[in-house]
Amino acid sequence: MSDFGNDPSGHRNRLRKRLLDGGDEALGDHEVIELLLMQAIRRRDVKPLARSLIQRFGSLAGVLQVDTRTLAAHPDMGEATAAALRVVTVAATRMARQKVREAPVLSSWNALIDYLTIDMAHLTVERVRVLYLNARNMLILDDLVGEGSIDEAAIHTREVIRRALDVGATALILVHNHPSGSPQPSRADIDITNRIAEAGRLLGVTVHDHVVIGREGHVSLRAKGLI
């Protein structure tokens, strides 16, 4: 029996056909969520659930990137249904990360920003990462440093540079997200960046940039002249 067979109104079949015939823009955000929910919920109208998810989390990206436990706890969801949505983000993140690994980071900057946005823009906690690069600016390590405000409690200058030397990196890019949504850097963001950059200069490790990611976009401290 077709997964869409128990659909007297034909709504599920029409939605699927629009997707297959019309491409990426054929469906609204709530309809994309509907199709995903249909894979886990076979015998119930999922349109109200899809709309409630969009209303609560704000957008398609907001739904797909929210914490899995929060998603599972949403009314009428549960773990199996949350997993059906979460796997989309896992696949998208892995595809984006692979693109970053295939080319020098500085010459494929848009691919890097896409990867970081998918992975971090909708996090509800602040996460700090260091991307370590070799002499050809290829990514050799994507290191999750920790969670919390970007200060000395979350990121230690000595440890960042030591890790670079340990893995043979000649350059690095600092990354963190702002759960508030705004990617505008704080004074602490700027200060820690310059402390790490100064320490790196003494040992031959270049800090190429510090990228701040938020739901409203991203900011490069290098582009703003703050490094």
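This is a short back-and-forth on how to read the helices, sheet and surface of a predicted model.

Me: Let's begin with the overview. How many helices and strands are in the chain?
Reply: Keep in mind that we're looking at a predicted model. The chain has nine helices and five strands. Going along the sequence, the pattern is α-α-α-α-α-α-α-β-β-α-β-α-β-β. As for dimensions, the C-alpha trace spans about 70 × 30 × 30 Å along its principal axes.

Me: Now the sheet. What is the order of the strands in the open sheet?
Reply: The five strands of this open sheet are ordered β2-β1-β3-β4-β5, and the pairing is mixed. β2 (139–147) and β5 are at the edges with a single partner strand each, so one side of each has no neighbour in the sheet. From one strand to the next, the twist averages 20°.

Me: And side chains on a strand, where do they go?
Reply: In a regular strand they alternate between the two faces of the sheet. It's handy to keep that in mind while you look at the pairs below.

Me: How many bridges join β1 to β2?
Reply: Seven bridges hold β1 (residues 127–133) to β2, and the two strands run antiparallel. For a landmark, find Y132: opposite Y132, in β2, is L141.

Me: Then the other edge. How many residues lie between β4 and β5 in their hairpin?
Reply: Two residues sit between β4 and β5 in that hairpin. β4 (residues 206–214) and β5 (residues 217–220) are antiparallel, joined by four bridges. To get your bearings, pick V211, whose bridge partner in β5 is S220.

Me: Switching to helices, how are two packed helices described?
Reply: You give the angle between their axes and the distance between the axes. Here, try helix α8 (residues 157–167) against α9: the packing angle is about 40° and the axes are 9 Å apart.

Me: Why are α8 and α9 called oblique to each other?
Reply: Angles under 35 degrees count as roughly parallel, while 65 to 115 counts as roughly perpendicular. The α8 and α9 angle is about 40°, and the two helices are therefore oblique to each other. Their crossing is right-handed.

Me: Last one, the surface. Which residues make the nonpolar patch?
Reply: L165, L202 and L203 make a nonpolar surface patch of about 330 Å². Of these, L203 belongs to helix α9 (residues 187–203), one of the two helices in the α8 and α9 packing we just went through.

Terms used
Residues are numbered from 1 along each chain as its sequence is written. This is a predicted model: local features need pLDDT of at least 70, side-chain atom pairs count only at pLDDT 80 or more; totals for chains, interfaces and linings use all residues. Side-chain values use heavy atoms; hydrogens and water are left out. Two strands pair if DSSP finds at least two bridges between them. Patches are made of residues with over 30% relative accessible area and no salt bridge: like charges are joined within 9 Å, nonpolar side chains (Val, Leu, Ile, Met, Phe, Trp, Tyr) within 5 Å. Accessible areas come from the Shrake-Rupley method with a 1.4 Å probe; for residues, only the protein chains shown count as cover. A salt bridge is a side-chain nitrogen of Lys or Arg within 4 Å of a carboxyl oxygen of Asp or Glu. Axes are lines fitted to C-alpha atoms, for helices over the stretch in contact, and angles run from 0 to 180 degrees between N-to-C directions. Angles under 35 degrees count as roughly parallel, over 145 as roughly antiparallel, 65 to 115 as roughly perpendicular and the rest as oblique. A crossing is left-handed if the near helix is turned anticlockwise from the far one by less than a right angle, and right-handed if clockwise.
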